[in-house]
Amino acid sequence: MHIVIMGCGRVGSTLAHILEDSGHSVAIIDRDPQAFRRLRPGFRGRRVTGIGFDRDVLEEAGIESAGAYVAVSSGDNSNIISARVARETFGVDNVVARIYDPRRAEVYQRLGIPTVATVRWTADQILRRVLPEGAEPLWRDPTGTVMLAEVAYHPGWIGTRTSALEEAGGTRVAFLNRMGEALLPKEDTVLQEGDILHVMAAENDMDRINKVLAAAPEEESH
């Protein structure tokens, strides 16, 4: 696949190297030619100097044959505009844009542009390390309404079927981490000591779910 990246910062250059190592052809755009110094000497992709939403620049980068477009410059507006041009003008279906302002995520989602909200992601990663209890968000959908979270639970839940836990908590168990390996729960899967529990739920429902799981289960939940 040919992939066009806008922004040759730390994220863009890292993506370019990973994608090239995976066998893809890559073109990377940046308005500052000095930014290409972040690319390793052996980088075989195209280096295109210019603005990522300029049609001529995109065409020079091979956008017409691209299977994906990634906008990871330092500007939210530039990322979104260029992603829209890639999709709406050149028909690239697989686009993603990085943003710093998570409040814009819902707007961009309505435009059909998948986004990675950098500030929110970074904050979530820090919270996972400083808050040992409760829900630790691992992922949110771009609108911020649904989340995947690692959830602490009362030891009394050990030995309970995950299906019963789902019913009691009114949530969906996405997967368990058991001895370092991910496990998709089945109807008869039982929570074992040491299991790390991950659930999918509406964000505004997480406080209730935390309270349910933080307490010992009622007898009928076993």
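Let me start with the surface, where Ile-51, Phe-53 and Ile-81 come together as a nonpolar patch, with about 220 Å² of accessible area among the three of them. Please keep in mind throughout that what we have on the screen is a predicted model. Of these residues, Ile-51 sits in the loop that runs between β3, residues 46-49, and α2, and because its relative accessibility is 34%, Ile-51 counts as partly exposed.

If we now turn to charge, the surface also carries a patch of negative charge, in which Asp-54, Asp-56, Glu-59, Glu-60 and Glu-64 gather. Glu-59, to take one of them, has its place in helix α2, which covers residues 55-60, and with a relative accessibility of 33% Glu-59 is classed as partly exposed, since that value falls between the 20% below which a residue is called buried and the 50% above which it is called exposed.

That brings me to the charged pairs. In general, side chains of opposite charge can pair when their charged atoms come close. How many salt bridges does the structure hold? There are five of them, and I will go through some of these.

The side chain of Asp-21 meets that of Arg-40 in a salt bridge, with 2.7 Å from N to O. This pair links distant parts of the chain, given that Asp-21 belongs to helix α1, residues 10-21, while Arg-40 lies in the loop between β2, residues 25-30, and β3, with the two positions 19 residues apart in numbering. As for their surroundings, Asp-21 is exposed, at a relative accessible area of 55%, whereas Arg-40, at 27%, is partly exposed.

A second pair is made by Glu-88 and Arg-84, whose side chains meet in a salt bridge at 3.0 Å, again from N to O. Here both partners lie in helix α3, residues 76-89, where they are four residues apart, or about one turn of the helix. Arg-84 has a relative accessibility of 31%, and therefore counts as partly exposed.

A further salt bridge joins the side chains of Asp-205 and Arg-208, at 2.8 Å from N to O. Asp-205 is partly exposed at 22% relative accessibility, and Arg-208 is likewise partly exposed, with a relative accessible area of 35%. Salt bridges with shared partners also join Glu-20, Asp-21 and Arg-40 into one network, so that the Asp-21 and Arg-40 pair I described earlier belongs to this network.

Let me move on to helix α7, residues 206-214. Which residues of α7 are buried? They are Met-206, Ile-209, Asn-210 and Leu-213. These residues cover an arc of only 100 degrees around the axis, and so they are placed on the same side of α7. On the other side of the helix, Asp-207 and Lys-211 are exposed.

Finally, I would like to point out Asp-141, which is found in the loop between β7, residues 135-140, and β8, residues 146-151. Is this Asp-141 buried or exposed? Asp-141 is buried, because its relative accessible area is 14%, and the cut-off for calling a residue buried is under 20%. Asp-141 and Val-116 are 25 residues apart in sequence, and in space their C-alpha atoms are 9.4 Å apart.

Technical notes
Residues are numbered from 1 along each chain as its sequence is written. This is a predicted model: local features need pLDDT of at least 70, side-chain atom pairs count only at pLDDT 80 or more; totals for chains, interfaces and linings use all residues. Side-chain values use heavy atoms; hydrogens and water are left out. Patches are made of residues with over 30% relative accessible area and no salt bridge: like charges are joined within 9 Å, nonpolar side chains (Val, Leu, Ile, Met, Phe, Trp, Tyr) within 5 Å. Accessible areas come from the Shrake-Rupley method with a 1.4 Å probe; for residues, only the protein chains shown count as cover. A salt bridge is a side-chain nitrogen of Lys or Arg within 4 Å of a carboxyl oxygen of Asp or Glu. Lys and Arg count as positive and Asp and Glu as negative; His and the chain ends are not counted. The place of a charge is taken as NZ of Lys, CZ of Arg, CG of Asp or CD of Glu. Buried means under 20% relative accessible area, exposed over 50%, partly exposed in between (1.4 Å probe, protein chains only). The arc is that of the directions from the helix axis to the C-beta atoms.
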